[in-house]
Amino acid sequence: MTELFAYTDGACSGNPGPGGWGTLLIARDGETVVKERELQGGEPETTNNRMELMAAITALETLDKPSSITIVTDSSYVKDGITKWIFGWKAKGWKTASKKPVKNEELWKRLDAATQRHDVSWEWVKGHAGHPENERADELARAGMAPFKS
């Protein structure tokens, strides 16, 4: 049975500053890689958290049909935001527990909408710890940022 994984990462030079996101999509049959696709992009003035969100959003929006997918991220912000915090934010009209507007609300809404089409599992991995696919996603994010760095 083929399983689909998206390894996602964001990068920023300065926070805010030029940033990039990277996504490594891998379809596996057991340990065998059946298909692989790399995606990247960036913005001239952004934050690391926005780029982490864009990597996950792009992974889901790129899929042509509803899929079962595991998104692997080194961002606790993204994983906890989409699996825990978002329910309270939505219930409170996109306000935090301290009644402040949720940062990156438009991206959280976009990620929430993208997850509705798919059966998504979320996994967290420690960044910059030698995880090969996470390291590749980081390389893609840095490449996505490159055109915007001076």
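Biologist: Why is K90 called partly exposed?

Modeller: Its relative accessible area is 38%. Buried means under 20% and exposed over 50%, so K90 at 38% counts as partly exposed. Keep in mind that this is a predicted model.

Biologist: And D112, what makes that one buried?

Modeller: D112 comes out at 13% relative accessibility. Buried needs under 20%, so D112 gets that label.

Biologist: How do you know that K90 and D112 form a salt bridge?

Modeller: Look at the closest N and O atoms of K90 and D112, which are 2.9 Å apart. The cut-off is within 4 Å, so the pair qualifies.

Biologist: What does the pair K90 and D112 tie together?

Modeller: K90 lies in helix α2 (residues 76–91) and D112 in helix α3, so the bridge ties together parts that are 22 residues apart in sequence.

Biologist: What makes E61 and R110 a salt bridge?

Modeller: Here the closest N and O atoms are 2.8 Å apart. With the cut-off set at within 4 Å, E61 and R110 therefore count as a salt bridge. E61 sits in helix α1 (residues 48–62) and R110 in helix α3 (residues 105–116), so parts 49 residues apart in sequence are tied together.

Biologist: Why are E61 and R110 called partly exposed?

Modeller: E61 has 39% relative accessibility, and R110 has 34%. The label covers what falls between under 20% and over 50%, so it fits E61 and it fits R110.

Biologist: How many salt bridges does the rule give?

Modeller: The count comes to nine salt bridges. One of them joins R136 and E38, with the closest N and O atoms 2.8 Å apart. R136 is in helix α4 and E38 in strand β3, so that pair ties together parts 98 residues apart in sequence.

Biologist: What are the accessibility labels for R136 and E38?

Modeller: Partly exposed for R136, at a relative accessible area of 27%, and partly exposed for E38, at 39%.

Biologist: Which residues make up the network around that pair?

Modeller: E38, R136 and E139 are joined into one network by salt bridges that share partners.

Biologist: Back to α4: how do you know its span is close to the expected one?

Modeller: α4 has 14 residues and reaches 20 Å from its first C-alpha to its last. At 1.5 Å a residue, 20 Å is expected, so the two agree closely.

Biologist: What makes you say that the buried residues of α4 line one face?

Modeller: The buried residues include E133, A137, L140, A141 and M145. Seen down the axis of α4, its buried residues fall within an arc of 160°, so they line one face of the helix. In general, an α-helix has 3.6 residues a turn, so residues three or four places apart point the same way.

Biologist: Just ahead of α4, why is A129 called partly exposed?

Modeller: A129 is in the loop between β5 (119–124) and α4 (132–145). Its relative accessibility is 48%, and exposed would take over 50%, so A129 stays partly exposed.

Biologist: What about the largest pocket: which residues lie nearest its centre?

Modeller: L4, L25, A27, K35 and L63, out of 13 lining residues. The elements giving two or more residues to that lining are β1 (2–12), β2 (17–29) and β3 (32–46). The pocket's volume is about 350 Å³, and its lining divides into five nonpolar, three polar and five charged residues.

Notes. Residues numbered from 1 in each chain as written. Predicted model: local features only at pLDDT ≥ 70, side-chain atom pairs only at ≥ 80, totals over all residues. Heavy atoms only, no water. 1 Å grid on protein atoms, 1.4 Å probe; cavity = no way out; pocket = protein on both sides within 12 Å on 5 of 7 lines; lining within 4 Å. Points joined across faces, edges and corners; volume = space filled by probe spheres on them. Helix = DSSP H or I, 4+ residues; strand = E, 2+ residues; numbered from the N terminus. Nonpolar A, V, L, I, M, F, W, Y, C, P; charged D, E, K, R; others polar. Buried < 20%, exposed > 50% of the residue type's maximum accessible area, 1.4 Å probe, protein only. Salt bridge = Lys/Arg side-chain N within 4 Å of Asp/Glu carboxyl O. Arc of directions from axis to C-beta.
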